[in-house]
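Hi,

Here is the model I promised to pass on. Have a look at it first, and then read on for what turned up.

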Amino acid sequence: MPLMFQPLARYFDFQGRSRRSEFWLWFLFQVIVSIVFNILKTIVEPGNPMGTIFALQMLFALAILIPNIAVAVRRFHDINRTGWWYVFPIVVMIIAAIVYFSANGGAFFNDIQKFSQLGPNPSPDQAMAVMSALIGPMLWIYLPTLAASIVTFVFNVLDGTPGHNRFGPDPKGRGGDTSVF
């Protein structure tokens, strides 16, 4: 249980290594808190999805932003990778958007301009035209981002490097003697 709250104890600590159990127990803690907030939202403020409970949930998310990044960076350190891998999906998304809009941006923005003239109640055919125009950018941008996210997910389930690596000692205490004989 102490590993679940370890990221709070190491709030701004981007150095060293974190075990898989610390990372995933922290993730589990966030899922549990999110479920509690959502239950409270439906019980206390059923008709107001953007009420006080939502504001508290957003404040909680903001408060744990730094520990989320820190534990992810330390997790990458545990597998002997730089913490910059944390931004890999974001960089892939930005590059995919730049590539897409540099190749198809004119047509995309022309379509958006046409769609803005449809009015508040478009016909089903007009709505389908909007959706078909948006499918291209969604695929061009979303699929590479999804692939990059899968790569970072795989990194997070890998076991850490046994023994000391360039980011510090093994948090599991393995690998004191690495000699063959």
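Before anything else, a quick word on terms: a residue counts as buried under 20% relative accessible area, as exposed over 50%, and as partly exposed in between. Please also keep in mind that this is a predicted model.

Let's use those cut-offs straight away on G175. You'll find G175 in the segment after α6. Its relative accessible area is 34%, so G175 is partly exposed. While you have that part on screen, look at H164 too: along the chain G175 and H164 are 11 residues apart, and their C-alpha atoms are separated by 7.2 Å.

Next, the helix I'd rotate into view is α5, which runs over residues 88-116. How far apart are the end C-alpha atoms of α5? They are only 34 Å apart, although the helix has 29 residues and a straight one would reach 42 Å at 1.5 Å a residue. There is also a kink of about 80 degrees in α5, and N104 is at its centre. Several residues of α5 are buried: P89, V92, A96, A97, Y100, G105 and F108. Helix α6 (124-157) is included in what covers them.

Now the aromatics. How many aromatic pairs does the structure hold? There are 13. One of the aromatic pairs is W24 with F153, an edge-to-face arrangement with 5.9 Å centre to centre and 75 degrees between the planes. W24 sits in helix α2 (residues 20-44) and F153 in helix α6, so this pair ties together parts that are 129 residues apart in sequence. Neither ring is hidden away: W24 is partly exposed at a relative accessible area of 28%, and F153 is partly exposed as well, at 45% relative accessibility.

Another pair to click on is F29 with F60. Their ring centres are 6.1 Å apart and the planes sit at 70 degrees, so this pair is edge-to-face. It too links distant parts of the chain, with F29 in helix α2 and F60 in helix α3 (residues 52-63), 31 residues apart. Are these two buried or partly exposed? F29 counts as buried at 14% relative accessibility, whereas F60, with a relative accessible area of 24%, is partly exposed. Both belong to one aromatic cluster, made up of F5, W26, F29, F37 and F60.

Then there is H77, in helix α4 (residues 65-78). With 6% relative accessibility, H77 counts as buried. Which residues does H77 touch, leaving out those up to four places away in sequence? The contacts are F14, Q15, G16, R17, T82, G83, N165 and F167.

Last, the pocket. The largest pocket has a volume of about 390 Å³. Its lining is made of 18 residues, and F23, F27, A72, Y86 and N156 lie nearest the centre. The elements giving two or more residues to that lining are α2, α4, α5 and α6. Which of the elements supplies the largest share of the lining? That is α2, with 6 residues.

Shout if anything here is unclear.

Cheers

Definitions and conventions:
Residues numbered from 1 in each chain as written. Predicted model: local features only at pLDDT ≥ 70, side-chain atom pairs only at ≥ 80, totals over all residues. Heavy atoms only, no water. Helix = DSSP H or I, 4+ residues; strand = E, 2+ residues; numbered from the N terminus. Expected span 1.5 Å × (residues − 1). Bend = angle between axes of the 7 residues up to and from the residue. Buried < 20%, exposed > 50% of the residue type's maximum accessible area, 1.4 Å probe, protein only. Contact = heavy atoms within 4.5 Å. Phe/Tyr/Trp six-rings, centres within 6.5 Å; stacked < 30°, edge-to-face > 60°. 1 Å grid on protein atoms, 1.4 Å probe; cavity = no way out; pocket = protein on both sides within 12 Å on 5 of 7 lines; lining within 4 Å. Points joined across faces, edges and corners; volume = space filled by probe spheres on them.
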